[in-house]
Amino acid sequence: FKPPEEEDKDVVGYDNQRTCKSPLVSNMYTADPAPMVYGDTLYLFTSHDENNIQNNFYTMLNWHLFSTKDMINWTSHGQVFSLDDISWADDRAWAPQAIARNDKFYLYVPVHKRNGGMAIAVGVSDKPTGPYKDIGHPLVDEGDWNDIDPTVFIDDDGQAYLYFGNPELRYVLLNEDMVSYNKSVGVKKIPMTADSFGRGEGSRTTYGEGPFFYKRKDMYYMAYAAFRPNKGSEHLAYSYSNSPTGPWKYGGVLMTEDGGTYTNHPGIARFKGRSYLFYHTGQLPGGGAYHRSVCFTEFKYNKDGSIDTIPMCRN
Ligand code: FUB
């Protein structure tokens with residue numbers, strides 16, 4: 001296990017080209033951006049909103065990959081995993097996330113099972129660019145709506161965590177093989193309070209879905225899509241902790257708007273001295289709830305590790 005290198009010093013100065021892009025992909029609809037930095041490359045996994053919407057709902061069949069070495073020039077690697085590769089799944093190729101371990105790559109995805117309900121699948125590959133091979137059965141299958149939106153992280157001691165869930169936030173401790181989890185610990189539920197995830201009477205925001213779990217210095221961060229009372233659409237918020245399993249403390253709003261898509265979905269990466277927030281909007285022509293587009297924008301941490309609200313990219 002090799003922990004990723006953390007570059008502590010921010011690159012100084014403004015670079016318009018590297019600072020933000022909206023939308024990043026203009027020839028197809030992409031959503032749920034999940035960055036993975038490996039070596040000198042940032043890989044961005046996305047879900048894919050089909051052009052032809054069926055049943056006025058998310059119509060999503062596969063996952064795509066894009067990569068860059070400089071945040072300016074991007075390569076499309078096309079479709080790297082699909083419902084066709086998962087014999088037991090038939091629909092809802094939703095928000096992905098990938099990680100490297102021992103020279104293998106693991107792509108975690110929520111899917112709808114042929115026999116009903118959602119579950120989390122995992123594909124394995126020798127290369128970040130795939131092809132990814134399904135392990136043949138669900139990794140997490142609790143039999144309810146919470147089995148969506150996986151976020152994966154390996155801590156410095158080698159323990160891997162898979163958080164997921166809507167409307168609850170749950171986690172499992174992944175075994176070293178990354179394709180099974182510690183069944184004696186089981187599936188743990190994170191308590192939602194006004195203080196931790198804004199849940200509770202009179203709170204400004206509530207955890208909704210789309211968690212993105214990572215560590216910076218000694219602080220663990222959970223970015224996520226959140227709901228505000230009296231407002232239907234999602235905004236982005238974050239909570240933080242000094243332990244990977246909490247207790248969590250509410251940090252604040254990361255992005256106030258939903259970009260005309262109802263959902264939003266955070267992905268955070270540190271790359272070549274800059275910190276980036278990836279998210280999605282309905283920016284492309286024909287854009288909307290089921291026709292989304294991934295975007296990114298640079299942000300900086302405050303000295304105490306907190307993050308101010310990040311404006312949406314207008315480039
Ligand atoms: O893309 C389908 C679903 O919409 C994702 O799983 C959620 O995070 C939301 O973005």
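Reader: How many bridges pair strand β4 with β5, and in which sense?
Author: A word on the numbers to start with: residues are counted from 1 along each chain as its sequence is written. The model is predicted, so local features need pLDDT of at least 70 and side-chain atom pairs count only at pLDDT 80 or more, while totals for chains, interfaces and linings use all residues. Strands here are DSSP runs of E with at least two residues, helices are runs of H or I with at least four, and both are numbered from the N terminus. β4 covers residues 62-68, Asn-62 stands opposite Ser-82 in β5, and the two strands pair in the antiparallel sense over seven bridges.

Reader: Which strands are at the edges of the open sheet β2-β3-β4-β5?
Author: Two strands pair if DSSP finds at least two bridges between them, and this four-strand sheet has antiparallel pairing. Pairing on one side only marks β2 and β5 (74-82) as the edge strands.

Reader: By how many degrees are neighbouring strands of this sheet turned against each other on average?
Author: The axes are lines fitted to C-alpha atoms (for helices over the stretch in contact), with angles from 0 to 180 degrees between N-to-C directions. With direction ignored, the average turn between neighbouring strands of this sheet is 25 degrees.

Reader: Why is one side of β11 and of β14 left without a neighbour in the sheet?
Author: These strands belong to an open sheet of four, ordered β11-β12-β13-β14 with antiparallel pairing. β11 (151-154) is joined to β12 (residues 160-164) by four bridges, and Val-152 has Leu-162 as its bridge partner in β12. One side of β11 and of β14 (188-189) is free because each stands at an edge, with a single partner strand.

Reader: Which residue takes a positive phi in the hairpin of β15 and β16?
Author: β15 runs antiparallel to β16 (residues 219-228), and eight bridges join them. One of the pairs is Phe-213 with Met-222 in β16. Two residues lie between the strands, and the one with a positive phi near 55 degrees is Lys-217.

Reader: Which strands each supply at least two residues of the shell around the ligand?
Author: Of the 13 residues around the ligand, Trp-94, Ala-95, Gly-210, Thr-263 and His-265 come nearest; a residue is near if its C-beta atom, placed from the backbone, lies within 6 Å. The shell has six nonpolar, four polar and three charged residues (Ala, Val, Leu, Ile, Met, Phe, Trp, Tyr, Cys and Pro count as nonpolar, Asp, Glu, Lys and Arg as charged, and the others, Gly among them, as polar). The strands that each supply at least two of its residues are β2 (29-38) and β15 (206-216).

Reader: Is Pro-35 buried or exposed?
Author: Pro-35 lies in strand β2. Beyond its neighbours within four places in sequence, its contacts are Leu-42, Leu-44, Gly-267, Ala-269 and Phe-278 (contact means C-beta atoms, placed from the backbone, within 7 Å). Buried takes 20 or more other C-beta atoms within 10 Å, exposed 12 or fewer, and partly exposed is in between, with C-beta atoms placed from the backbone. Pro-35 has 26 such atoms within 10 Å, so Pro-35 is buried.

Reader: What is the radius of gyration of the protein chain?
Author: The chain has two helices and 21 strands. The globule rule (2.2 Å times the number of residues to the power 0.38, with the radius taken over C-alpha atoms) gives 20 Å for 315 residues. The chain comes close to that, so it is as compact as a globular protein of that length, with a radius of gyration of 18 Å.

Definitions and conventions. Two residues are in contact if their C-beta atoms, placed from the backbone, lie within 7 Å.
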